[in-house]
Amino acid sequence: MTELRAVLLDALGTLIELPAPWPALASELAARGMAVTEDEARAALLEEMAHYRAHHDEATGPAELDDLRDRCTEVLRGALPERARHVEDLRGALLGALRFRPYPEVPGVLAELGELGVARVVVSNWDVSLRGVLDDTGLAPLLDGLVISAEVGAAKPEPAIFERALEVAGAGPGEALHVGDTVDVDVAGALAAGLRAVHLDRSGADREAMTTLAELPGLVRSTVR
């Protein structure tokens with residue numbers, strides 16, 4: 001087996017999680033004097049999130065990100081009950097509800113991978129705000145590179161985003177392993193680009209998948225001379 005020189009990692013669902021944001025949105029709105037139920041907040045947020053997923057690659061820079069956030073806010077406004085649509089600073093409430101955090105084992109795993117001498121590069125379908133998310137969650141210093149679909153102009157499972165990540169990592173396809181939580185996007189995309197791939201399924205439904213990133217250093221160690 002060829003020695004690994006790089007580990008590529010998905011972001012959401014792999015390194016970081018977004019706890020259900022509807023309770024947080026309801027709380028943010030209550031703080032602005034508007035009471036909505038969690039069910040109402042959930043229904044509105046699901047519409048906003050669908051719009052975001054369809055358009056996040058348009059946020060290629062700060063101005064474009066600002067515009068996307070304004071549009072997402074208006075989608076959210078239209079999906080909220082009529083009584084809540086004129087709440088003050090709805091955009092602030094939306095952003096305040098998105099409270100990302102790293103999975104508990106992730107900082108230690110990233111540190112251990114660094115000690116093993118492999119490049120650690122995040123490859124994510126996200127807008128440019130991912131840089132701030134990784135800073136805010138404390139993970140940025142534990143990474144060697146970041147490749148974002150909005151900046152590359154290609155999204156997983158397209159080969160181009162994996163090719164860019166390999167350039168950042170300084171590794172060839174056979175020298176890299178990609179880890180992600182989706183089979184059709186992460187695993188299939190990485191394999192098509194010539195990389196090795198591991199499925200991370202934190203639910204345990206896929207019995208052949210890793211259930212936690214804590215298993216990753218051992219896997220990497222077995223390939224590092």
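Leu4 counts as buried in this predicted model, because its relative accessibility is 3%, and buried here means under 20%. Leu4 sits in the segment before β1 (6-9). Its C-alpha lies 9.2 Å from that of Ala119, although 115 residues separate the two along the chain. Ala119 is a good place to go next, since it takes us to β4 (119-124).

All six residues of β4 are accounted for in the same way: six of six are buried. In a regular strand, side chains alternate between the two faces of the sheet. For β4, both faces are covered. Ala119, Val121 and Val123 are buried on one side, while Arg120, Val122 and Ser124 are buried on the other.

Now follow β4 out to its partners. β1 and β4 run parallel and are joined by four bridges, with Leu8 standing opposite Val121. β4 also pairs with β5, again in the parallel sense and over four bridges; here Ser124 has Ile148 of β5 as its bridge partner. To get from β4 to β5, the chain goes through helix α6 (residues 130-136), and this β-α-β crossover is right-handed.

Step back and you have the whole sheet: five strands, open, with parallel pairing, in the order β5-β4-β1-β6-β7. β5 (145-148) and β7 are the edge strands, each with a single partner, so one side of each has no neighbour in the sheet. Ignoring direction, neighbouring strands are turned by 20 degrees against each other on average.

Two helices that pack on this sheet are worth a look. Helix α5 (residues 106-115) touches β1 and β4, and its direction makes about 135 degrees with that of β4. Helix α8 (residues 159-169) touches β1, β4, β5 and β6, and its direction makes about 155 degrees with that of β4.

Over at the β7 end, β6 (residues 176-180) and β7 (residues 196-199) pair in the parallel sense over four bridges. His178 stands opposite Ala197, and Val179 has Val198 as its bridge partner. Helix α9 (residues 183-192) completes the picture, making a right-handed β-α-β unit with β6 and β7.

Next, the helices earlier in the chain. Helix α1 (residues 22-31) has Trp22, Ala24, Leu25, Ala26, Glu28 and Leu29 as its buried residues. What covers them includes α2 (38-55), α3 and α4. After α1 comes Gly33, with a positive phi near 85 degrees.

Two of those covering helices also meet each other. The axes of α3 (residues 62-79) and α4 (residues 90-97) come within 9 Å and cross at roughly 100 degrees, which means that α3 is roughly perpendicular to α4. On the α3 side, the contact is made by Asp66, Arg69, Asp70, Cys72, Thr73, Leu76 and Arg77; α4 brings Leu90, Arg91, Leu94 and Leu95. Sorted by character, the residues of this contact are five nonpolar, one polar and five charged.

Finally, have a look at His56, in the loop between α2 and α3. Is His56 buried or exposed? With a relative accessible area of 10%, it is buried. Leaving out residues up to four places away in sequence, His56 touches Leu68, Asn125, Trp126, Asp127, Ser149 and Ala150.

Note on methods:
Residues numbered from 1 in each chain as written. Predicted model: local features only at pLDDT ≥ 70, side-chain atom pairs only at ≥ 80, totals over all residues. Heavy atoms only, no water. Axes fitted to C-alpha atoms, helices over the stretch in contact; angles between N-to-C directions. Parallel < 35°, antiparallel > 145°, perpendicular 65-115°, else oblique. Contact = heavy atoms within 4.5 Å. Nonpolar A, V, L, I, M, F, W, Y, C, P; charged D, E, K, R; others polar. Pairing = 2+ DSSP bridges. Right-handed = clockwise from strand over helix to strand, strands pointing away. Buried < 20%, exposed > 50% of the residue type's maximum accessible area, 1.4 Å probe, protein only.
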